[in-house]
Amino acid sequence: MEKWNQSSTDFTLLGLFPENQTGLLLLLLIIFVFSLALFGNSTMIHLIRVDPRLHTPMYILLSQLSLMDVMYISTTVPKMAFNFFSGQKSITFLGCGVQSFFFLTMACSEGLLLASMAYDRFVAICHPLHYPIRMSKMMCLKMIIGSWTLGSINSLAHTAYALHIPYCHSRSINHFFCDVPAMLPLACMDTWVYEYMVFVSTSLFLLFPFLGITASYGRVLFAVFHMKSKEGKKKAFTTCSTHLTVVTFYYAPFVYTYLRPRSLRSPAEDKILAVFYTILTPMLNPIIYSLRNKEVLGAMTRVFGTFSSTKT
């Protein structure tokens, strides 16, 4: 058995693409997606901040989603690109812990925030008269703080456990970032307790919120079909379908990856699925919410139209 050299604290990230021309083209595509994600989410945050018409609970939550997506994709892609271009696949022990902490924090917090956004739409459509009370700005603030706090606490527990595992096998992590489950095969101890922790936290932060979101949107769609106003029905259906698209892209690959036992998982499949929730979803969120949302499109016209008028 290969023992870990205690004088070295580095791990090796095997990465996502082979180091050839095909890998380079795919990485450039990922960098393009990364740039789109940064631009789209930064634009969304700016619009919601400067346009008073978007200072509502729904858009305040959406601005937090955009902030999480910026931090989310920035946790993995820059390091992956640096390792590919430099030819150095190493990441320090501390760096691996920091990356794992921020990745897990964003993952769990975003899962809870999406559930909060679903609750917001449920109240707005099914209980419109109670909306100002149930979704006040104070309640919105509590949802945001709760999402960040619970996500951070859960992430800290997982990261602390991972940093205290004795590693005595090869230090090569078969992934493009420090995903704790991908680090478990390197441990020289039985990790069944931690695998049970992963199952529990995935259920609490992803599966149960996903089931709650599905149930709430089922109730929302039922209410939409009984609306008399065609315009109101169209607006509600567009909003709900937008949210469901985002939720499906995010939760489905995440839950499928982390709820499976290790014996049924493969590193190649895990890396491909991780691309969906770590790279594609942060890029798609601002596109989906902007192109299918008249309020956001209107804010773009007002904000950037005013800017261009000022420039001329």
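**View 1. Helix α2 (residues 57-86) meets helix α3 (residues 93-126), with axes that come within 9 Å and cross at roughly 155°.** The axes here are lines fitted to C-alpha atoms over the stretch in contact, and angles run from 0 to 180 degrees between N-to-C directions. Helices are DSSP runs (H or I, at least four residues; strands are E, at least two), numbered from the N terminus. This is a predicted model, with residues numbered from 1 along each chain as its sequence is written; local features need pLDDT of at least 70 and side-chain atom pairs pLDDT 80 or more, while totals for chains, interfaces and linings use all residues. Side-chain values use heavy atoms, leaving out hydrogens and water. So α2 and α3 are roughly antiparallel to each other (over 145 degrees; under 35 is roughly parallel, 65 to 115 roughly perpendicular, the rest oblique). α2 passes α3 in a left-handed crossing (near helix turned anticlockwise from the far one by less than a right angle; clockwise is right-handed). Who's at the contact of α2 with α3? Sorted by class, there are 15 nonpolar, six polar and five charged residues (nonpolar: Ala, Val, Leu, Ile, Met, Phe, Trp, Tyr, Cys and Pro; charged: Asp, Glu, Lys and Arg; polar: the others, Gly among them).

**View 2. α2 turns up again, this time packed with α5 at an angle of about 20°.** The axes of α2 and α5 are 10 Å apart. That angle is why α2 counts as roughly parallel to α5. Check the handedness too: α2 passes α5 in a right-handed crossing.

**View 3. α3 packs with α5 at about 150°, and their axes are 7 Å apart.** The crossing of α3 past α5 is right-handed. At this contact you'll find 13 nonpolar and 13 polar residues, but no charged ones.

**View 4. Two stretches from the UniProt record are helix from end to end: residues 59-77 and residues 140-161.** The unreviewed entry lists both under "transmembrane region", alongside 24-47, 97-119, 193-215, 236-252 and 272-291 (positions follow the numbering used here, and such annotations may be inferred rather than shown by experiment). Residues 59-77 are 100% helix and 0% strand, with end C-alpha atoms 27 Å apart. Residues 140-161 are also 100% helix and 0% strand, and there the end C-alpha atoms sit 32 Å apart.

**View 5. The largest cavity has a volume of about 150 Å³.** Searching the whole structure turns up three cavities of 30 Å³ or more. On a 1 Å grid over the protein atoms alone, a cavity is a set of points where a 1.4 Å probe fits but cannot get out; a pocket is an open set with protein on both sides within 12 Å along at least five of seven lines, and lining residues have an atom within 4 Å of a point. Of the 16 residues lining the largest cavity, Leu104, Cys108, Ser201, Thr202 and Tyr258 are closest to its centre. α3, α5 (137-163), α6, α7 (192-225) and α8 (230-258) each chip in at least two lining residues. The largest share, six residues, belongs to α7. By class, that lining splits into 11 nonpolar, four polar and one charged.

**View 6. The second largest cavity holds about 130 Å³ of space.** Its lining includes Leu13, Leu14, Phe17, Lys79, Asn83 and Phe176. α2 gives the largest share of this lining, four residues. The lining of the second largest cavity has seven nonpolar, two polar and three charged residues.

**View 7. The second largest pocket offers about 230 Å³ of space.** It has 13 lining residues, and Pro181, Ala182, Pro185, Pro267 and Asp270 lie nearest its centre. The elements giving two or more residues to that lining are α6 (180-183) and α9 (267-291). What's the mix in the lining of this pocket? Five residues are nonpolar, four polar and four charged.

Methods
Grid points are joined across faces, edges and corners, and a volume is the space filled by probe spheres set on the points.
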